[in-house]
Amino acid sequence: MEWSDLEIVVITGMSGSGKSVALNALEDAGYYCVDNLPPELLRQFAELVRQNGMTRIAIAMDVRSASALPQLPGLLRVAQQMGVVVKPLFLDATTDTLVRRYSESRRKHPLSGQVTQTADGNAQDERRALVDAIELERELLGQLRELSHVIDSSLIRPAQLQSYVKTLIAAPGGQLTLVFESFAFKRGIPSDADFVFDVRMLPNPHYEHALRELTGMDAPVADYLRQQASVLQMQEQISQFLHSWLDTLVRDHRSYVTVAIGCTGGQHRSVYLVEQLYAHFHPKWNTLKRHREMDAIKQH
């Protein structure tokens, strides 16, 4: 088997952001999965897998291997030069979300021993120590985040995360994947977005009684928005912006670009525009779409 037949998904990210969920999704998709492989063993492990005839592997690495993580970008570049299809994913979440998850699970952060903690151990000091550990982890993983496609798990359910990971990994390697995502500003801006467009100034179907319970994927809402000159203008300007810069992003060796479109509730305007932009770019580019708020309802 040639090296070019091998595909490696490398999952890194913040502790508590869902790396285990992502790894389980890849195992369900038929990948041979290994958790917390030391980076310095990556090449030997890939060689062993190749010799045994396996073509798809997924490896999770985290801050427990902090001393060796700086080697990982170079190792991945070498693998790509050998013809291996490398897909790096970075799982992220807001600090408040990570603090809440650690409080609910009562687990210790892997870097908790590297930050100063007070002797009395009251709740406020414990939270401060946890926040310090999280921020230290962000600093240590900063370079890997820059090299990876980021998935913000702050506001999505585990089933959503599994679905997103499977969809991303199914995309062909070696070419840019354009991801369009709708979201609600009232629930926060996705931290995984490369570009964010605010469409809250556009006419809102929410105020039309017959359209309020529908979504941007329903024909009556689409017909209503299609008749609004400002909506068409926004759609055209976003399209022009992306057409102007996508080739440059490809030359910059970007594998994924996430374009987030936000309205107030993430139900009408942003959903409609994501659907329209997806349909427009799909013939030329490898294009994915997702609707953060609506996907959450489906997975409930």
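Start with the largest pocket, which holds about 950 Å³ of space. Bear in mind as you click around that this is a predicted model. To find the middle of the pocket, select Pro88, Leu147, His253, Arg254 and Ser255: of the 33 lining residues, these lie nearest its centre.

Now colour the elements around the largest pocket. Helices α3 and α5, along with strands β4 (85-92), β5 (149-152) and β8 (256-263), each bring at least two residues to the lining. What is the chemical make-up of that lining? By class, the residues split into 13 nonpolar, 12 polar and 8 charged.

Next stop: the second largest pocket. Here you have about 410 Å³ of space. Select Gly16, Ser17, Gly18, Lys19 and Ser20, the residues nearest the centre of this pocket, out of 21 that line it. Which elements give two or more residues to this lining? They are α1 (19-28), α4 and α6 (158-170). Helix α1 makes the largest share, with 3 residues. Switch to colouring by class and you'll find 6 nonpolar, 7 polar and 8 charged residues in the lining of the second largest pocket.

While you're there, stay with α4 and select residues 95-105. Which residues of this helix are buried? Pick out Thr95, Thr97, Leu98, Val99 and Tyr102. A bit of helix geometry helps when you look down the axis: an α-helix has 3.6 residues a turn, so residues three or four places apart point the same way. Then step just past the helix to Arg106, which follows α4 and has a positive phi, near 60°.

Last, go looking for enclosed space. The structure has 1 cavity of 30 Å³ or more, and the largest cavity has a volume of about 40 Å³. To see what surrounds it, select Val10, Thr12, Leu72, Leu76, Pro88, Leu144, Leu147 and Ser148. Strand β1 (7-13) and helices α3 (72-81) and α5 (123-147) are the elements giving two or more residues to this lining. And the chemistry? The cavity lining has 6 nonpolar and 2 polar residues, with no charged ones.

Two of those selections should ring a bell. Pro88 and Leu147 line the cavity, and both are also among the residues nearest the centre of the largest pocket. Keep that pair displayed and turn the view between the two spaces to finish the tour.

How values were computed
Residues numbered from 1 in each chain as written. Predicted model: local features only at pLDDT ≥ 70, side-chain atom pairs only at ≥ 80, totals over all residues. Heavy atoms only, no water. Buried < 20%, exposed > 50% of the residue type's maximum accessible area, 1.4 Å probe, protein only. Helix = DSSP H or I, 4+ residues; strand = E, 2+ residues; numbered from the N terminus. 1 Å grid on protein atoms, 1.4 Å probe; cavity = no way out; pocket = protein on both sides within 12 Å on 5 of 7 lines; lining within 4 Å. Points joined across faces, edges and corners; volume = space filled by probe spheres on them. Nonpolar A, V, L, I, M, F, W, Y, C, P; charged D, E, K, R; others polar.
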